[in-house]
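Biologist: Please take a close look at a single part of this structure, beginning with one residue and its contacts, and then set that part in the context of the whole chain. A formal and connected account would suit my purpose.

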Amino acid sequence: MRARNVAWLKPWEATAPAERQVPLGFHAMVAALRREARSGRVLPFVVTYDRELVGQLTIGGVQYGSLRGAHIGYWVAEEFAGRGIIPTAVALATDHALATLQLHRVEISMRPENGPSRRVTEKLGFRFEGERPRYLHIDGQWRDHLVYVLLAGEVPDGVLNRWHRTQG
Ligand SMILES: CC(C)(COP(=O)(O)OP(=O)(O)OC[C@H]1O[C@@H](n2cnc3c(N)ncnc32)[C@H](O)[C@@H]1OP(=O)(O)O)[C@@H](O)C(=O)NCCC(=O)NCCS
């Protein structure tokens, strides 16, 4: 699925400046995610729709101690865009991170040019926190990012509930 969506994902895909630029194959990617998951730093999820795999969501950078935070990344296949699939997945993941893992802070960042991704965070009521110049290496360059956050206690009855309520 990623291979079919190369052009769709490329402008938003993380790259690593000092490492080999050949993308990992499927088995290597799963092995790397499992390794990270066992360490407790990453929670990798697939996103399904009508029982079909349509994308990926990853809770990454999990830190405990005095920060208790994580960030969320995501994508959906182009043919499934615009159906509210990723907002639903992000709401579920954020509720899991804040309520079950008892994290204090969930963060999502994206390039300013990524209108659809900004819409995901705005719809779910993430708070705009600020800009980080040249924050992440994306599509071969250091790119500016906008940062959106939710803190524990800001949405007492959960992000999914609130979103469904505000949708009417
Ligand atoms: C960003 C992304 C994850 C949004 O997921 P989604 O499930 O389509 O989210 P939504 O259905 O809520 O749509 C979000 C916005 O996308 C736009 N959109 C709607 N249909 C679309 C389509 N067919 N194609 C592209 N964008 C579309 C709209 O602006 C929509 O906002 P609106 O609901 O206010 O009209 C998805 O566009 C994607 O995978 N993009 C490529 C990878 C990427 O950008 N990942 C995030 C990196 S930070």
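Modeller: Leaving aside neighbours within four places in sequence, A70 is in contact with I59, G60, G61, V62, A97, L103 and V106. This is a predicted model, and the values that follow are computed from it. A70 itself is found in strand 3. A residue counts as buried when 20 or more other C-beta atoms lie within 10 Å of its own; A70 has 25 such neighbours and is therefore buried. The C-alpha atoms of A70 and E107 lie 6.3 Å apart in space, while 37 residues separate the two in sequence.

One of the contacts of A70 can be followed from its own side. G61 lies in strand 2, and, not counting residues up to four places away in sequence, G61 touches R41, A70 and H71. The burial class of G61 is not that of A70: G61 has 14 other C-beta atoms within 10 Å and is therefore partly exposed. From G61 to I72 the distance is 8.6 Å, C-alpha to C-alpha, with a separation of 11 residues in sequence.

I72 leads to the nonpolar core. The largest such core of the model holds 30 residues, and I72, A89 and V90 are those with the most contacts inside it. The elements that each give two or more residues to this core are strand 2 (52-63), strand 3, helix 3, strand 4 (105-110) and strand 6 (141-151). Helix 3 supplies the largest share, namely eight residues. In soluble globular proteins, nonpolar side chains tend to be buried together. A89, named above among the residues with the most contacts inside the core, is in contact with V47, L57 and Y74 once its neighbours within four places in sequence are set aside.

V106, a further contact of A70, leads to the pairing of strands. V106 stands opposite L150 in strand 6. Strand 4 and strand 6 pair over six bridges, in the antiparallel sense. Strand 6 is also joined to strand 5 by eight bridges, and these two strands run antiparallel as well. Within that second pairing, R127 stands opposite V149 in strand 6. Strand 5 and strand 6 form a hairpin with two residues between them.

The turn of this hairpin deserves a remark on backbone geometry. Most residues other than glycine have a negative phi. D139, in the loop between strand 5 (127-138) and strand 6, has a positive phi of about 45 degrees although it is not a glycine. With 13 other C-beta atoms within 10 Å, D139 is partly exposed. R51 also has a positive phi, of about 70 degrees, and is likewise not a glycine. The place of R51 is in the loop between strand 1 (43-49) and strand 2. R51 has 5 other C-beta atoms within 10 Å and is therefore exposed.

Strand 3 and helix 3, which both contribute to the core, also take part in the surroundings of the ligand. In total, 20 residues surround the ligand, the closest being A81, G82, I86, M110 and P116. Helix 1 (6-9), strand 3 (69-76), helix 3 (85-100) and helix 4 (115-123) are the elements that give two or more residues to this shell. Helix 4 gives the most, with five residues. By residue class, the shell divides into 13 nonpolar, five polar and two charged residues.

It remains to place this region in the whole chain. The protein chain has five helices and six strands, and its pattern along the sequence reads α-α-β-β-β-α-β-α-β-β-α. Its radius of gyration is 16 Å, close to the 15 Å that the globule rule gives for 168 residues, so the chain is as compact as a globular protein of that length. The C-alpha trace spans about 45 × 40 × 30 Å along its principal axes. Of the 168 residues, 23% are buried, and A70 is one of the buried residues. Among contacts between residues at least 6 apart in sequence, 53% join residues at least 24 apart.

Methods
Residues are numbered from 1 along each chain as its sequence is written. This is a predicted model: local features need pLDDT of at least 70, side-chain atom pairs count only at pLDDT 80 or more; totals for chains, interfaces and linings use all residues. A residue is near a molecule or strand if its C-beta atom, placed from the backbone, lies within 6 Å of it. Helices (H or I, at least four residues) and strands (E, at least two) are DSSP runs, numbered from the N terminus. Ala, Val, Leu, Ile, Met, Phe, Trp, Tyr, Cys and Pro count as nonpolar, Asp, Glu, Lys and Arg as charged, and the others, Gly among them, as polar. The radius of gyration is taken over C-alpha atoms; the globule rule is 2.2 Å times the number of residues to the power 0.38. A residue is buried if 20 or more other C-beta atoms lie within 10 Å of its own, exposed if 12 or fewer, and partly exposed in between; C-beta atoms are placed from the backbone. Two residues are in contact if their C-beta atoms, placed from the backbone, lie within 7 Å. A nonpolar core is a set of buried Ala, Val, Leu, Ile, Met, Phe, Trp, Tyr and Cys residues joined through C-beta atoms within 7 Å. Two strands pair if DSSP finds at least two bridges between them.
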